[in-house]
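Q: I'd like to learn how to read the features of a model like this one. Could you take me through them step by step?

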Amino acid sequence: MIKFRLGKGEEREILDYSNLTFFRKLASKMRDPKTRFDVKEFVSKGEDYLFNYTNKNVGSVDEKRRKFLKSLIFGIAAAAVVGIIPGVRVLVPPTVTVTTGFPKSLLVDSSGNPIKASSLPVNSPYIIIFEYPMTGEPNFLINLGDSSGKPVEIQPTKVVVPQTGKTYDFPGGVGPNKSIVAYSAICQHLGCTPPYIHFYPPSYVNPRQLTASEPDQLTAAALLAAKEANVPALIHCDCHGSTYDPYHGGAVLTGPTVRPLPSVILEWDSSTDYLYAIGSVGVATYPNGSNGIPSQDPTDDLSSSFGSPVGDKTTVTETENPFSS
Ligand code: FES
């Protein structure tokens with residue numbers, strides 16, 4: 001049972017583990033390209049569509065589940081229109097994990113050819129994405145530079161989780177200039193995915209963005225945070241304004257998120273110039289736990305019903321450029 005502490009001695013139940021498991025499974029199916037939740041249908045048909053969808057993809061919707069889903073409808077609706085939420089990890093106190101038992105996955109282009117690290121554009125305004133460790137789980141691949149477009153070496157750093165005050169070690173950049181990093185592209189606030197969350201290269205981190213048309217609009221708080229942290233580029237989520245620092249391990253610059261972006265641990269083979277995803281570090285995207293309780297071995301989750309592992313290759317794609325100018 002997950003309880004929320006309201007004050008002295010007062011606790012309110014918010015979720016039991018059976019509902020937690022059920023909802024995680026539902027959220028995972030919603031994100032899976034094969035069983036993608038159809039937002040338009042949901043908007044036009046409402047809860048009937050949600051019940052039918054759940055029935056078909058997760059399991060029978062009895063009276064208890066119906067009640068539970070109804071209690072979540074507002075959240076599901078909000079999340080559905082902005083990008084499907086990652087589950088209830090928003091509600092669950094996070095643990096920090098380093099997972100290195102995931103499959104080593106070669107980053108390839110759509111023709112199956114390995115991506116060469118030295119060919120990755122620096123500060124690309126396009127969103128460069130790959131899925132890892134499960135299909136349907138996008139990550140940014142970014143080659144970071146300074147304001148003049150020169151690659152910047154990304155140092156290993158300690159990343160703070162504002163929600164708990166705990167820290168973890170981010171290993172730093174890889175590639176010929178140690179400037180390549182990869183972070184989860186699932187916003188840690190409510191799970192918006194690209195293009196709602198995207199990388200703003202240096203040329204887009206300036207006051208003109210305050211009056212730009214959506215979606216390429218930064219908040220004043222994000223601009224100020226970038227200035228204070230002395231970082232020329234940002235990851236910003238247009239849904240509610242969370243801002244992350246790509247130069248320092250995906251750390252939180254502005255809320256409402258209270259969790260950094262988990263990092264994908266990359267490996268660069270200097271003899272071939274190929275890039276591999278080999279694990280993850282950060283707040284616990286994994287372990288999911290097949291029964292709603294975090295498992296001892298996070299790699300177990302790759303064979304659970306939460307999705308299918310990407311395997312030993314994962315395809316890098318460029319998605320829509322959200323910038324209008
Ligand atoms: S989902 Fe709320 S800021 Fe990203």
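**Reading the model feature by feature**

Q: How does glutamate 267 rank by relative accessible area: buried, exposed or partly exposed?
A: Glutamate 267 is partly exposed, its relative accessible area being 30%. The scale calls a residue buried under 20%, exposed over 50% and partly exposed in between, using a 1.4 Å probe and the protein chains only. Before going further, note that this is a predicted model, in which local features need pLDDT of at least 70 and side-chain atom pairs count only at pLDDT 80 or more, while totals for chains, interfaces and linings use all residues. Residues are numbered from 1 along each chain as its sequence is written, and side-chain values use heavy atoms, leaving out hydrogens and water.

Q: Which residue does glutamate 267 form a salt bridge with?
A: A salt bridge needs a side-chain nitrogen of Lys or Arg within 4 Å of a carboxyl oxygen of Asp or Glu. Here the partner is lysine 104, and the closest N and O atoms are 2.7 Å apart. Lysine 104 sits in the loop between β3 (96–99) and β4 (105–108), whereas glutamate 267 belongs to strand β14 (residues 263–269), so this pair ties together parts that are 163 residues apart in sequence. Lysine 104 is partly exposed too, at 44% relative accessibility.

Q: How many salt bridges does the structure hold?
A: There are 2 salt bridges. Besides the pair just described, lysine 158 forms one with aspartate 169, where the closest N and O atoms lie 2.7 Å apart. This pair links distant parts of the chain, 11 residues apart: lysine 158 is in strand β7 (residues 157–160) and aspartate 169 in strand β8 (residues 167–170). Lysine 158 is exposed at 54% relative accessible area, and aspartate 169 is partly exposed at 48%.

Q: What does strand β14 pair with, and in which sense?
A: Strands pair if DSSP finds at least two bridges between them. In this model β14 pairs with strand β15 (residues 274–283) in the antiparallel sense, over 7 bridges. One position to look at is tryptophan 268, whose bridge partner in β15 is leucine 275. The two strands, β14 and β15, make a hairpin with 4 residues between them, and aspartate 273 in the turn has a positive phi of about 75°.

Q: How many helices and strands does the protein chain have?
A: Secondary structure is taken from DSSP runs, numbered from the N terminus: helices are H or I of at least four residues, strands are E of at least two. The protein chain has 5 helices and 16 strands.

Q: Which residues of helix α3 are buried?
A: They are Tyr49, Leu50, Phe51, Tyr53, Thr54 and Asn57. Take threonine 54, which lies in α3 (residues 47–57) and is buried with a relative accessible area of 0%. Contact means heavy atoms within 4.5 Å. Leaving aside neighbours within four places in sequence, threonine 54 is in contact with Phe22, Leu26, Gly59, Val61 and Leu69. Glycine 59 follows α3 and has a positive phi, near 145°.

Q: What about the loop residue glutamine 209: where is its place?
A: Glutamine 209 lies in the loop between β10 and α5 (220–229). This residue is nevertheless buried, with a relative accessible area of 4%. Once neighbours within four places in sequence are set aside, glutamine 209 is in contact with Tyr200, Tyr204, Asp216, Gln217 and Leu218.

Q: Which cysteines form a disulfide?
A: A disulfide is a pair of cysteine sulfur atoms within 2.5 Å, and that rule gives a count of 1. Cysteine 192 and cysteine 239 form it, with their sulfur atoms 2.0 Å apart. The link is left-handed, with -105° about the S-S bond. It joins distant parts of the chain, 47 residues apart: cysteine 192 in the loop between β9 (180–184) and β10 (197–200), cysteine 239 in the loop between β11 (234–237) and β12 (243–245). Both cysteine 192 and cysteine 239 are buried. Cysteine 187 is buried as well, at 2% relative accessibility, and cysteine 237 is buried with a relative accessible area of 2%.

Q: Stepping back, what share of the protein chain is buried?
A: Buried residues make up 52% of the 325 residues. Among contacts with a separation of 6 or more, 64% come from residues 24 or more positions apart.
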